Amino acid sequence: MRHRLYYLLPDIECARRTLDDLLLSRIEHRHVHFLSLGAALPSDLPEANILHRTDVVHGAGNGMLIGAALGLALGALLVTYFDLASPSAVVVGTTLLGLIFGGWAASMVAAALPNSRLKAFYPEIEKGKVLMIADIPASRIKEIEKVLEERHPEMRFSGEDPRVPAFP
């Protein structure tokens with residue numbers, strides 16, 4: 001399991017040095033992302049992707065929940081008003097269709113919204129700071145925090161999110 005750590009860095013050079021230290025500490029390149037709203041990030045810094053920057057995941061989850069509920073209600077209405085040969089298949093089918101459509105539609109809308117988990121960081125990012133998002137193995141949190149604190153006193157620890165799924 002990984003924990004997501006957030007650090008606010010003063011500039012791009014500090015971001016480069018921090019990435020180098022994380023790589024030397026054997027944190028893979030794919031688990032570190034940077035977000036900047038000011039100057040564009042150089043190509044050697046991994047930029048936060050759409051899943052980090054927007055509310056796609058949150059929106060898809062909510063859309064799937066609401067879509068499944070509406071699909072279930074539609075299936076119940078169809079079974080109630082029409083004499084159907086297999087009512088359970090209709091209810092399951094409409095529920096699945098609602099789940100899929102709701103997740104897709106809500107994720108399309110949420111792709112245009114900034115990530116609600118990062119809302120607290122936006123005032124600092126708009127001032128030119130760089131947000132580093134690092135997914136660290138839970139067993140190495142203290143070690144990595146100590147390394148970063150010793151080597152980079154200019155950066156500020158800004159929080160931790162222990163709810164990050166364990167993606168390989």
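**Exercise 1. Decide whether His 52 is buried or exposed in this predicted model, and describe its surroundings.**

Solution. Begin with the relative accessible area of His 52, which is 9%. A residue counts as buried under 20%, so His 52 is buried. Next, place the residue in its element: His 52 belongs to helix H2, which covers residues 50-53. Then look for polar partners, where the side chain of His 52 is found in a polar contact with the side chain of Asn 49 at 2.9 Å. Finally, setting aside residues up to four places away in sequence, list what His 52 touches, namely Arg 4, His 33, Asn 115, Leu 118 and Ile 133.

**Exercise 2. Work out which strands pair with S3, and why S3 is described as largely enclosed.**

Solution. Take strand S1 (residues 2-9) to start with; S1 pairs with S3 in the antiparallel sense over eight bridges, and within this pairing Arg 4 has Asp 135 of S3 as its bridge partner. Turn then to strand S2 (residues 32-35), which pairs with S3 over four bridges, again in the antiparallel sense, with Leu 35 standing opposite Leu 131 of S3. As a last step, consider burial: seven of the eight residues of S3 (residues 130-137) are buried, so the strand is largely enclosed by the rest of the structure.

**Exercise 3. Identify which residues of the largest nonpolar core touch the most other members, and trace the elements that contribute to this core.**

Solution. The largest nonpolar core holds 20 residues, and those touching the most other members are Leu 9, Leu 22, Val 32, Phe 34 and Met 132. Two or more residues of this core come from each of S1, helix H1 (12-24), S2, S3 and helix H6 (141-151). Apart from this core lies another, of 10 residues, which includes Tyr 6, Ala 48, Phe 121 and Tyr 122. To see the contacts of one member of the largest core, follow Val 32: leaving aside neighbours within four places in sequence, Val 32 is in contact with Leu 19, Leu 22, Ile 27, Pro 46, Met 132, Ile 133 and Ala 134.

**Exercise 4. Determine how the buried residues of H1 are arranged around its axis, and what they pack against.**

Solution. First check the length: H1 has 13 residues and reaches 18 Å from its first C-alpha to its last, close to the 18 Å expected at 1.5 Å a residue. Its buried residues are Cys 14, Ala 15, Thr 18, Leu 19, Asp 21 and Leu 22. Seen down the helix axis, these buried residues fall within an arc of 160°, so they line one face of H1. They pack against S1, S2, S3 and H6. Now examine the ends of the helix: at the N-terminal end Asp 11 acts as a cap, with a side-chain oxygen 3.5 Å from the backbone nitrogen of Glu 13, while just after H1 the residue Arg 26 takes a positive phi of about 65°.

**Exercise 5. Establish whether Thr 94 is buried or exposed, and which residues Thr 94 touches.**

Solution. Thr 94 lies in helix H4 (residues 87-110), and at 14% relative accessibility Thr 94 counts as buried. A polar atom of its side chain lies 3.1 Å from the backbone oxygen of Val 91. Beyond residues up to four places away in sequence, Thr 94 touches Gly 71, Leu 74, Gly 75 and Leu 78. Widening the view to the helix, the buried residues of H4 include Thr 95, Gly 98 and Gly 102, and helix H3 (56-81) is included in what covers the buried residues of H4.

Technical notes: Residues are numbered from 1 along each chain as its sequence is written. This is a predicted model: local features need pLDDT of at least 70, side-chain atom pairs count only at pLDDT 80 or more; totals for chains, interfaces and linings use all residues. Side-chain values use heavy atoms; hydrogens and water are left out. Buried means under 20% relative accessible area, exposed over 50%, partly exposed in between (1.4 Å probe, protein chains only). Two strands pair if DSSP finds at least two bridges between them. A nonpolar core is a set of buried Ala, Val, Leu, Ile, Met, Phe, Trp, Tyr and Cys residues joined through side-chain atoms within 4.5 Å. Contact means heavy atoms within 4.5 Å. The expected span of a helix is 1.5 Å times one less than its number of residues. The arc is that of the directions from the helix axis to the C-beta atoms. A polar contact is a pair of N or O atoms within 3.5 Å; within protein, one must be able to donate a hydrogen and the other to accept it, and residues adjacent in sequence count only if both atoms are side-chain atoms.
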